[in-house]
Amino acid sequence: MIPSERMAQVDANAAALGVPQKQLMESSGNAVAREVRAVADPGARVAVVAGRGNNGGDAFVAVRFLEDYETSVHLLGREETVATDIARENWAALRRGDYATETVTDSRDFDLPDCDVIVDAMLGTGVTGALREPEATAAERINDADATVVAVDVPSGVNADTGEAEGTAVEADRVVTFHDRKPGLDSLDAEVTVADIGIPAAAEEFVGPGDMRPVRRGSGVEDARAYVVGGGPYTGAPALAAQAALRAGANLSFVAAPGPVAPQIQGYAEDLIVQAYEGDHLAPEQVPDLVDTAESYDDVVVLGPGLGTADETLAAAKRFLESFSGRAVVDADALPVVPEVETDATLVCTPNRKELAKMGGPEVESADALRERADEVEEFAADLGHVVLAKAKDDVISDGDETRVSRAGTSGMTVGGTGDTLAGTTAGLLAAHDPFESACMAAYANGRAAELLDDDRRDGLLASDLLDALPRAIWGEDDE
């Protein structure tokens with residue numbers, strides 16, 4: 001099964017793979033026509049009640065495949081308000097082809113002709129809530145008619161994810177839905193056909209621009225804060241992670257670091273707020289104050305960049321995770337303690353292939369081979385109980401139930417620091433989004449940022465170069 005939002009993401013990914021929506025609409029319309037032919041013989045009267053979106057566009061296509069039937073198309077609304085280019089093109093094709101069409105601008109004037117089959121193509125899976133006019137009246141007319149009702153993708157007025165209706169909804173006899181079954185269809189008293197419309201399996205497996213829909217639709221959290229607990233032996237890593245979090249949507253980005261290196265970290269960027277603590281490395285006695293700060297402000301924590309591997313530091317990282325109950329990205333030096341920790345925190349772990357093996361995951365011999373071990377990464381994530389974003393040439397993201405692969409990126413990303421920008425990007429997204437979604441979006445955005453850089457910078461890429469490209473990679477609409 002596939003929820004409606006995920007279906008929209010997969011559609012967008014299919015387009016990025018070279019299977020455009022127009023091609024999918026042609027396949028969908030053909031599938032609708034097949035369903036009509038399954039319930040009525042040639043010569044039967046077929047009335048298509050269509051909305052102004054792509055659901056209506058599917059039905060416009062279907063009419064062209066029903067030449068042996070007596071068809072009429074009733075568009076709810078003015079033709080100039082048809083919402084998408086491809087639906088508009090298919091409506092124009094019907095008009096130019098001299099098919100029987102009409103526009104319904106006032107629901108009080110809408111009457112269905114005598115017919116044997118009604119195709120409900122008013123609203124698709126992405127529309128929720130009670131039907132408005134003219135769709136509400138049209139649904140009543142459809143339900144009152146003595147005809148077989150075939151719904152396109154989902155009966156209008158029915159929530160595709162829940163099967164519930166907030167008012168009048170079309171009572172369909174048959175539903176032809178596309179690519180995969182929608183969860184809400186199970187509760188309907190209708191025969192459901194799932195039509196293969198040619199969406200590649202890769203559109204679901206590989207992270208693409210469609211997976212960026214949750215952030216690109218504008219969902220966010222006011223006053224989102226990132227809190228990077230890092231630094232000690234190394235100073236660049238926490239600075240990169242903290243800056244990436246800002247580029248990915250955090251309003252404020254803090255770095256908690258040992259006093260001797262705090263000024264150096266602050267020197268990387270005036271946008272960071274660096275909070276020093278005593279000592280030259282993270283130790284268990286600092287943990288209570290750090291946890292209290294993070295939980296008091298509902299911060300998304302990044303734990304690990306540049307911490308080092310001193311025994312005291314690893315003990316402190318373990319204590320932090322045992323005490324913390326919020327959201328955290330665990331990276332780099334803090335990763336080895338995760339398997340032995342019982343925590344109420346929501347974690348996204350971002351190991352490279354060597355760190356993955358040290359955590360108890362699969363031992364992957366080369367960066368090219370991680371994708372081939374995706375099933376083992378999924379098993380490891382399930383055992384761990386946290387989201388794993390395993391970094392390599394192709395990143396593998398799994399929550400133990402779902403697994404996806406991100407192929408975004410360039411050869412220049414082998415340079416040090418790109419994992420730190422990934423951790424920060426994940427944190428910036430995790431403030432407002434599901435952990436698995438955040439990890440998928442971050443992997444794609446981090447790689448896409450490298451792709452967006454000029455060709456002459458790819459071979460000499462610096463991790464800090466990604467910072468300027470990240471906003472365009474996250475919110476841009478120029479994915480290829």
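In the predicted model, helix H10, comprising residues 287-296, packs against helix H11, comprising residues 311-323, at an angle of about 40°. The axes of H10 and H11 lie 10 Å apart. Because angles from 35 to 65 degrees fall outside the roughly parallel and roughly perpendicular ranges, H10 and H11 are classed as oblique to each other. The crossing of this pair is right-handed. On the side of H10, the contact is formed by Val-287, Pro-288, Leu-290, Val-291 and Glu-295, and on the side of H11 by Ala-316, Arg-319, Phe-320 and Ser-323. Sorted by class, the contact of H10 with H11 contains six nonpolar residues, one polar residue and two charged residues.

A second helix pair is formed by H14 (residues 418-430) and H17 (residues 465-475), whose axes come within 12 Å and cross at roughly 40°. H14 and H17 are therefore likewise oblique to each other. The passage of H14 across H17 is right-handed. Four residues of H14, namely Thr-418, Thr-421, Thr-425 and Leu-429, meet Leu-466, Leu-467, Leu-470 and Ile-474 of H17. Five nonpolar and three polar residues take part in the contact of H14 with H17, and charged residues are absent from it.

These helices belong to a chain with 17 helices and 16 strands. The chain has 480 residues, of which 56% are buried. Its C-alpha trace spans about 85 × 45 × 40 Å along the principal axes. Among contacts with a sequence separation of 6 or more, 69% are between residues that stand 24 or more positions apart.

Asp-161 offers a view of one loop in this chain. The residue is placed between strand S5 (148-152) and strand S6 (174-178). With a relative accessible area of 30%, Asp-161 is partly exposed, because this value lies between the limits of 20% for buried and 50% for exposed residues. Apart from neighbours within four places in sequence, Asp-161 is in contact with Pro-3, Ser-4, Pro-183 and Gly-184. With Ser-4, the side chain of Asp-161 also forms a side-chain to side-chain polar contact of 2.9 Å. Ala-47, by comparison, is 114 residues from Asp-161 in sequence, and the C-alpha atoms of Asp-161 and Ala-47 are 27 Å apart.

Several loops contain backbone geometry that merits separate description. Most residues other than glycine have a negative phi, and most peptide bonds are trans. The peptide bond from Glu-133 to Pro-134, however, is cis, with omega near 5°. Pro-134 is located in the loop between strand S4 (117-121) and helix H5 (135-144).

Positive phi values are found at His-179 and Asp-298, neither of which is a glycine. For His-179, phi is about 75°. This histidine is situated in the loop that runs between S6 and strand S7 (191-195). For Asp-298, phi is near 55°. Asp-298 is placed in the loop between H10 and strand S11 (300-303). The relative accessible area of Asp-298 is 53%, and the residue is therefore exposed, as the limit for this class is over 50%.

Key:
Residues are numbered from 1 along each chain as its sequence is written. This is a predicted model: local features need pLDDT of at least 70, side-chain atom pairs count only at pLDDT 80 or more; totals for chains, interfaces and linings use all residues. Side-chain values use heavy atoms; hydrogens and water are left out. Helices (H or I, at least four residues) and strands (E, at least two) are DSSP runs, numbered from the N terminus. Buried means under 20% relative accessible area, exposed over 50%, partly exposed in between (1.4 Å probe, protein chains only). Contact means heavy atoms within 4.5 Å. A polar contact is a pair of N or O atoms within 3.5 Å; within protein, one must be able to donate a hydrogen and the other to accept it, and residues adjacent in sequence count only if both atoms are side-chain atoms. Axes are lines fitted to C-alpha atoms, for helices over the stretch in contact, and angles run from 0 to 180 degrees between N-to-C directions. Angles under 35 degrees count as roughly parallel, over 145 as roughly antiparallel, 65 to 115 as roughly perpendicular and the rest as oblique. A crossing is left-handed if the near helix is turned anticlockwise from the far one by less than a right angle, and right-handed if clockwise. Ala, Val, Leu, Ile, Met, Phe, Trp, Tyr, Cys and Pro count as nonpolar, Asp, Glu, Lys and Arg as charged, and the others, Gly among them, as polar.
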